[in-house]
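Thank you all for coming. I would like to take a few minutes to walk through one structure, beginning with a single side chain and working outwards from there.

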Amino acid sequence: MAKVDRRILKTQESLKKAVIELMAVKNFDDITIQDIADQANVNRGTIYLHYQDKYDLLDQIMENQINELREMDTWACELEWVEALVPYFEYFERNYLLFSTMLASKGAPSSFRTRLLASFMEGFKGEIDQESGKNTDLIDDVMLQYAGTAYVGVIEWWIRNGMPYSPQVIAKQVGTLLERSL
């Protein structure tokens, strides 16, 4: 795999940051390529060297976040719910601007929420407890939808309300609830 030039990475990061900052104050549909270029302090042509349009840039931002969260899934499955969720909530806290913009703002594209929900539901698939007898009457798809929607809803609520609890406290609360459900 070829190493990517640091200047390219720096430019792409600057463009992603610019879009997120703009979305915090403006509806995505109202953001122009020129707005992004001005915010990132690059010319319009630079954006087109890296992305087809603002939608491609937004799609790359969403895909990168989902992939980072998926990477966390590989080791989180080895832990108990509460311990597994702490790093996720710490990640959401570190990336507050992104998640507050993508999940909690009025102008954010709903496709991010949909992708996030699908990713969490996929991760929950192996966690359904059919052996203890507590979920034998329940349909897996319904349980996954319930748990995934609840999890994303709590994340949205937590972010929208300025993260009123530490990542450790909210992880314990959500972990306990998911443990009871799945």
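Let me start with Trp-158, which is buried, with a relative accessible area of 0%, in what I should say at once is a predicted model. Trp-158 lies in helix H8, and, if we leave aside its neighbours within four places in sequence, Trp-158 is in contact with Phe-89, Phe-92, Glu-93, Met-163, Pro-164, Tyr-165, Ser-166, Pro-167 and Ile-170. For Ile-170, which is 12 residues away along the chain, the C-alpha atom is separated from that of Trp-158 by 8.2 Å.

That brings us to the pair of helices. The axes of H8 and H9 come within 11 Å and cross at roughly 165°, and because of that angle H8 is roughly antiparallel to H9. The crossing in which H8 passes H9 is right-handed. On the H8 side the contact is made by Met-143, Tyr-146, Ala-147, Tyr-151, Val-154, Trp-157 and Trp-158, and on the H9 side by Pro-167, Ile-170, Val-174, Leu-178 and Ser-181; of these residues 11 are nonpolar, 1 is polar and none is charged.

Turning now to the wider setting, the largest nonpolar core has 53 residues, and those with the most contacts inside it are Phe-89, Phe-92 and Tyr-151. The largest share of this core, 8 residues, comes from H8. As for Phe-89, its contacts, again leaving aside neighbours within four places in sequence, are with Tyr-151, Ile-155, Trp-158, Pro-167, Ile-170, Ala-171 and Val-174.

Note on methods
Residues are numbered from 1 along each chain as its sequence is written. This is a predicted model: local features need pLDDT of at least 70, side-chain atom pairs count only at pLDDT 80 or more; totals for chains, interfaces and linings use all residues. Side-chain values use heavy atoms; hydrogens and water are left out. A nonpolar core is a set of buried Ala, Val, Leu, Ile, Met, Phe, Trp, Tyr and Cys residues joined through side-chain atoms within 4.5 Å. Buried means under 20% relative accessible area, exposed over 50%, partly exposed in between (1.4 Å probe, protein chains only). Helices (H or I, at least four residues) and strands (E, at least two) are DSSP runs, numbered from the N terminus. Contact means heavy atoms within 4.5 Å. Axes are lines fitted to C-alpha atoms, for helices over the stretch in contact, and angles run from 0 to 180 degrees between N-to-C directions. Angles under 35 degrees count as roughly parallel, over 145 as roughly antiparallel, 65 to 115 as roughly perpendicular and the rest as oblique. A crossing is left-handed if the near helix is turned anticlockwise from the far one by less than a right angle, and right-handed if clockwise. Ala, Val, Leu, Ile, Met, Phe, Trp, Tyr, Cys and Pro count as nonpolar, Asp, Glu, Lys and Arg as charged, and the others, Gly among them, as polar.
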